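Thanks for coming, everyone. Let's put the model on the screen and go through it.

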Amino acid sequence: MILDGKCPTGPLADKWDNHRQALKLVNPANKRKFKIIVVGTGLAGASAAATLGELGYRVEAFCYQDSPRRAHSIAAQGGINAAKNYPNDGDSIYRLFYDTIKGGDFRAREANVYRLAQISNAIIDQCVAQGVPFARDYAGYLENRSFGGAQVSRTFFARGQTGQQLLLGAYQSLSRQIAAESVKIFPRTEMLDLVLVDGQAKGITVRDLTTGEIRCHAADAVILATGGYVNVFNLSTNAMGCSVTAAWRAHKKGAFFANPCYTQIHPTCIPVSGDHQSKLTLMSESLRNDGRIWVPKKAGDSRLPQNIPENERDYYLERKYPSFGNLAPRDIASRAAKEVCDAGYGIGPGGRGVYLDFGDSIVRLGEDAIRARYGNLFEMYERITDENAYQQPMRIYPAPHYSMGGLWVDYNLQSNIEGLFVLGEANFSDHGANRLGASALMQGLADGYFVIPYTIADYLARTTPGMVSDSHEAFRQSREQVAQQTDRLLSINGRKTASEFHRELGHIMWEQVGMARSASSLSEALKRIPELREEFWLNVRIPGSAQQLNQELEKAGRIADFLEFGELLARDALNREESCGGHFRIEHQTPDGEALRNDADFAHVAAWQYKGADQTPELHKEPLSFENIELAVRSYK
Amino acid sequence: MDLTLHVWRQKGPKDKGKLATYKATDISPDMSFLEMMDVVNEGLIKQGIEPVAFDHDCREGICGTCSQVINGDPHGPQAKTTVCQLHMRQFKDGDEIYIEPWRSRAFPVIRDLVVDRSAMDRLIQAGGYVSVSTGGVPDANAILIPKDDAETAMDAAECIGCGACVAACPNGSAMLFVASKVGQLAKLPQGRAEAARRVCTMTDAMIEEGFGNCSNHYDCEAACPKGISVKFIAQLNREYIMALPKGYKEKE
Ligand SMILES: Cc1cc2nc3c(=O)[nH]c(=O)nc-3n(C[C@H](O)[C@H](O)[C@H](O)COP(=O)(O)OP(=O)(O)OC[C@H]3O[C@@H](n4cnc5c(N)ncnc54)[C@H](O)[C@@H]3O)c2cc1C
Ligand code: SF4
Ligand code: FES
């Protein structure tokens, strides 16, 4: 099937305005009759739930954490982009649009990305009005910094805790709606199924993580804002509970999964210290503004970094990409780090690391200035590694960080299932094959505050409110099916822990489906993942019962989904015979090792349809057409 | 290194609960405290014992989910450090470690080390926000905010809502948590308009939720992983006294 993203026609700059004019509205008196489920309370979910509550809809919001404030958006450090052009350095909506399309290696929809750039400015205004304490200069104006993949300073930040402050702003707006009783909140509740009635999304089935109760919630529309899936790699910068579960269960109910192979490996994370490692910690990309990345010129050089003279250091990003240097986009910087380490130049345990050196900046600006900018990051680095980065360079290595792929949505953020909308990192929409720094926060809030309130109305206005209740047969079936899966997991009583399976899956994914993929590595993964999945269902051990807080049971359910999803990711990667952004196929590179796109055959979105357990999924394509931007080789040299 | 753990085990809210003793062997100093707990839990599972339930998510000190009292200290011995950021190099071979949940009237135990902190969400619902709806707001630079005010607001806004301050307080007061939100929003022109009402409604909610009073022990500041200063409590008290004559208490 050829998929249609339903992008409006007409000039790029007018598309969103014209489209909004054409969308139907729900009359204020009728809004209360509609109930909307929002799964997820990160930036995307919290902003959507709060805004829909303000508009008068009845909203039910869900998260697996004990409080909506703890969604993983809280961990974003660096900042959020907007095209304000406050620094007067040449930024504009068009430039933000262009940078994002180019950063995504020409694999995103023009219309979506332009809308994102247009909305970006209103987001900053909204957050300031909520009391988000962005950094300011002495005159009281907002400050900006530059970020990877851009030559202008367009990133707004609140120390190294931008995500936290933006999320708290959204959480507080949500709290206001909870107090006003327009939003009902269900924390410690995990969505385990999507319920369809006559092909339309009409509710969800959840497990109450405290009591184990499995229950259904019916509604007029369902919004998923459940975050990203890179925990399929086991070790990543995501929180321990981040999973593909909500998206995957929706996929199994018919929602197409788009571009699962587009995963972002972030270049600046603290390297793995041992087998016990449970997650990887990001060191904000903003550090690359003042830190220089290098490795020794001599392979296996075991001298301390401070004893290696300047002329024996290879500042490889500055050497290879003179115009962007240390600010080269993430995929490029990550791959370059892997290359130097594979060639034997890596530093630290196992040679899996490169230096990020602040020596020059400290000489130039003083230690205090560096402390003011990154103090909390340096502290965090020291707590984890016991090393002082003011005195010796940081050691960093790439780690899985972000998923550009996700559930397929059209321009209205509606999936191919009517009534199912997907926002934030959980959808595939705006970042193409690679996301630029500081643009995920922007997208999550754009989706939640400024897009979904318009587009969902258009859907609701065409339906009759309260058509189904949770007594409908479809809900009973869903409840039974979820309960069965829970019982099945508990009854296996094997010999391996869920975490052991996660580590093994992570190992396969990282080695075979990680930063450099090949037909043979991907075929290997496609053989080994199903084997591991089979073993999981015979040999996992989960103590305790279903009627209690049971964290092993929760974990096992998420890993069971990763064991299915990992296969789809590998299949998509094998299918995409080109290199683009975060997807690098070693068969497709230029003589000097850069990604080689194949626009003739792959300028499309790959959207997969579930066909049943152990069946090959069906591929649908949405062609990408570029009316305003000329497809070009993405060069940062 | 090898350690002996004494861990609080409690099946549910109504169970009495007790300490159980487990060995943690072959622990690397580079592990985080929670990674050490993971190792112990995997061992328990293999022995057919239910693992210790504990709350955690980001494991990088920002989500505020992790919550354990270690040898009597909420978040353990290292200053300004959450349990998930605490590393085993802070301990030595042979140490005995007592691990307990947050204990406070307002935080009932759900299981083992997991407690119910929803009362803190209800404190924010009582007024810890600016009453602005989406859309129709002025340009972000239309209202200037002096750098020092923005910085002070940010100092307060760093609170991660973990509840260690409550767990540390002999009275189980949530004063530092509430003061950080009141302090942040009162410092900013956007939040100033509602400052008087906010301090009253949030303080009232604190009493309703069963949090205790503040009697200036300052154990909260010592336990706070983000180093939120008790000066914000002093500011809250000033705001509160200024707000009283405005009569918000009676109106609510
Ligand atoms: C360490 C780190 C730093 C980052 N820094 C930046 C940055 O500086 N700038 C930037 O732009 N981006 C950054 N990002 C990316 C950005 O933070 C995320 O992409 C974005 O915050 C995702 O928001 P979200 O709302 O889509 O999902 P999340 O914030 O992950 O929220 C997901 C929500 O869904 C809920 N959920 C998930 N599954 C279920 C289920 N089955 N049932 C019920 N609830 C469920 C969760 O409880 C949670 O509430 C960073 C990411 C990380 C990990
Ligand atoms: S004030 Fe400190 S201790 Fe209290 S909730 Fe906030 S961060 Fe935790
Ligand atoms: S787990 Fe997030 S702060 Fe400790």
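Is C66(B) buried or exposed? C66(B) is buried, at 3% relative accessibility. Buried means under 20% relative accessible area, exposed over 50%, and partly exposed in between, with a 1.4 Å probe and protein chains only.

Some ground rules. This is a predicted model: local features need pLDDT of at least 70, side-chain atom pairs count only at pLDDT 80 or more, and totals for chains, interfaces and linings use all residues. Residues are numbered from 1 along each chain as its sequence is written, chains are lettered from A and ligands numbered from 1 in the order in which they are written, and side-chain values use heavy atoms, with hydrogens and water left out.

Staying with cysteines: C165(B) is buried too, at 9%. C165(B) is also among the closest residues to ligand 2, along with C159(B), C162(B), G163(B) and C224(B). In total, 13 residues surround that ligand, each with a heavy atom within 4 Å of it. Helices α4 (164-168) and α5 (175-187) of chain B each give two or more residues to this shell. Helices here are DSSP runs of H or I, at least four residues, and strands are runs of E, at least two, numbered from the N terminus. By class, the shell has 11 nonpolar, 2 polar and no charged residues. Ala, Val, Leu, Ile, Met, Phe, Trp, Tyr, Cys and Pro count as nonpolar, Asp, Glu, Lys and Arg as charged, and the others, Gly among them, as polar.

How many disulfides are there over all chains? The count is 0, taking a disulfide as a pair of cysteine sulfur atoms within 2.5 Å.

Now chain A. An open sheet of 5 strands runs β11-β15-β14-β12-β13, with antiparallel pairing. Strands pair if DSSP finds at least two bridges between them. β11 (263-269) and β13 (313-314) stand at the edges, each with a single partner, so one side of each has no neighbour in the sheet. Inside the order, β12 (residues 292-296) and β14 (residues 354-357) pair over 3 bridges. There, I293(A) stands opposite L356(A).

Last, two backbone oddities. Most residues other than glycine have a negative phi. N259(A) has a positive one, near 45 degrees. N259(A) sits in the loop between β10 (257-258) and β11 of chain A, and is buried at 2%. K80(B) is also positive, near 50 degrees. K80(B) lies in the loop between β4 (73-74) and β5 (96-100) of chain B. At 45%, K80(B) is partly exposed.
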